[in-house]
Amino acid sequence: MAFRADFPSVYSLYKKLLRSYGPQGWWPIIKRGRIFYHPKNYECPRNEKERFQIIIGALLAQNTSWKNAEKALLSLHCAGLLSFSKLRNASEKEIARLIRSSGYYNQKARRIKNFLEFYPALRRIASPEKMRESLLSLNGIGPETADSILLYAFKQPFFVVDAYTRRFCAAHGICHCDDYEQCRSFFERNLPRDFRIYNEYHALIVQWGKEQNGIRSKRK
DNA sequence: GCCCAGGAGCATA
DNA sequence: TATGCTCATGGG
């Protein structure tokens, strides 16, 4: 284990972030038409409906701010389409119209429809690794989206690497993460194998990244 | 008006 | 293997 010696530093960075930002309550869930965060509660999703929301949210959040993705998710919810059966019966055109605020709406609507076609078969896969392979084989699902789904919707310990994670690594000099899998494996080898920690750590890195954005825009 | 935001797929070299 | 282009809205 080449990086074993770094265990305290990666984990202590996590604890430091947690102390300064507090639990993030990620991934948020829609209830009664409102978005709810649930700090310190890692039980979500509690049911298939909440799980489904998280998956669609992960697809909508691709290359856009969470705020825009959230608007799109709420608009699907308000149209009564935020469930597998309702969305399965909706047309691609209708979905595209509703998710407009998340950007790339035609592409995302196509990807959602494609995903829904394979979802029942995907649910039958017992092994998390096999499920990851299947997710990655679907059009429009790359490593970050696959790991977000596995971690936040299925509570499986897969560390999510995104643009903020890469910046976080560079800023703290903790690893060279040009390659997605290398970076993921670095975090996974240097943290206790607990989906709650992966969940919170990623959310905290995002919070850190947003704060950095604020600092950068103030400098301009 | 410009730039960037929590990606992914495809073509091309 | 890696680099560039495309998809597109919304907010600062």
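## Around DNA strand C

The residues around DNA strand C are Asn63, Asn68, Lys71, Arg100, Ser101, Gly103, Tyr104, Tyr105, Asn106 and Gln107, where being near a strand asks for a heavy atom within 4 Å of it. This is a predicted model, in which local features need pLDDT of at least 70 and side-chain atom pairs count only at pLDDT 80 or more, while totals for chains, interfaces and linings use all residues. Residues are numbered from 1 along each chain as its sequence is written, chains are lettered from A and ligands numbered from 1 in the order in which they are written, and side-chain values use heavy atoms, with hydrogens and water left out. Sugar or phosphate holds 54% of the atoms of DNA strand C within 4 Å of the protein, and bases hold the rest. By class, this surface has two nonpolar, six polar and two charged residues (Ala, Val, Leu, Ile, Met, Phe, Trp, Tyr, Cys and Pro count as nonpolar, Asp, Glu, Lys and Arg as charged, and the others, Gly among them, as polar).

Now for some polar contacts, meaning pairs of N or O atoms within 3.5 Å; within protein, one atom must be able to donate a hydrogen and the other to accept it, and residues adjacent in sequence count only if both atoms are side-chain atoms. Lys71 places a polar side-chain atom 2.6 Å from a phosphate oxygen of DNA strand C, and for a side-chain N or O atom of Arg100 the distance to a phosphate oxygen is 3.4 Å. The side chain of Asn68 has an N or O atom 3.2 Å from a sugar or linking oxygen of the strand. Two elements, α3 (66-78) and α6 (105-123), give two or more residues to the surface near DNA strand C, and α6 gives the most, with three residues. Helices here are DSSP runs (H or I, at least four residues), as strands are (E, at least two), numbered from the N terminus.

## Around DNA strand B

DNA strand B has 23 residues around it, and Trp26, Gly140, Glu144, Thr145 and Tyr164 come nearest. Of the strand's atoms within 4 Å of the protein, 65% belong to sugar and phosphate. The side chain of Thr145 has an N or O atom 2.5 Å from a phosphate oxygen of DNA strand B. Backbone atoms take part too: an N or O atom of Gly142 is 3.1 Å from a phosphate oxygen, and one of Asn63 is 3.3 Å from a sugar or linking oxygen.

At least two residues of this surface come from each of α6, α8 (143-153), α9 (163-172) and α11 (195-219). The most, four residues, come from α11. The classes are eight nonpolar, 10 polar and five charged residues.

## Where the two domains meet

Chain A is assigned domain 1 (2-26 + 160-219) and domain 2 (49-153), with bounds from an automatic or database domain assignment. Their centres, taken over C-alpha atoms, are 25 Å apart. Contact (heavy atoms within 4.5 Å) links 13 residues of domain 1 with nine of domain 2.

About 930 Å² is buried between the domains, and carbon and sulfur atoms give 63% of it; buried area is the accessible area (1.4 Å probe) that two parts lose on being put together, summed over both. Trp26, Val160 and Tyr180 supply 51% of the area that domain 1 buries against domain 2, more than any other three residues. There are two salt bridges between the domains (a side-chain nitrogen of Lys or Arg within 4 Å of a carboxyl oxygen of Asp or Glu). Glu181 and Arg132 form a salt bridge, with their closest N and O atoms 3.0 Å apart.
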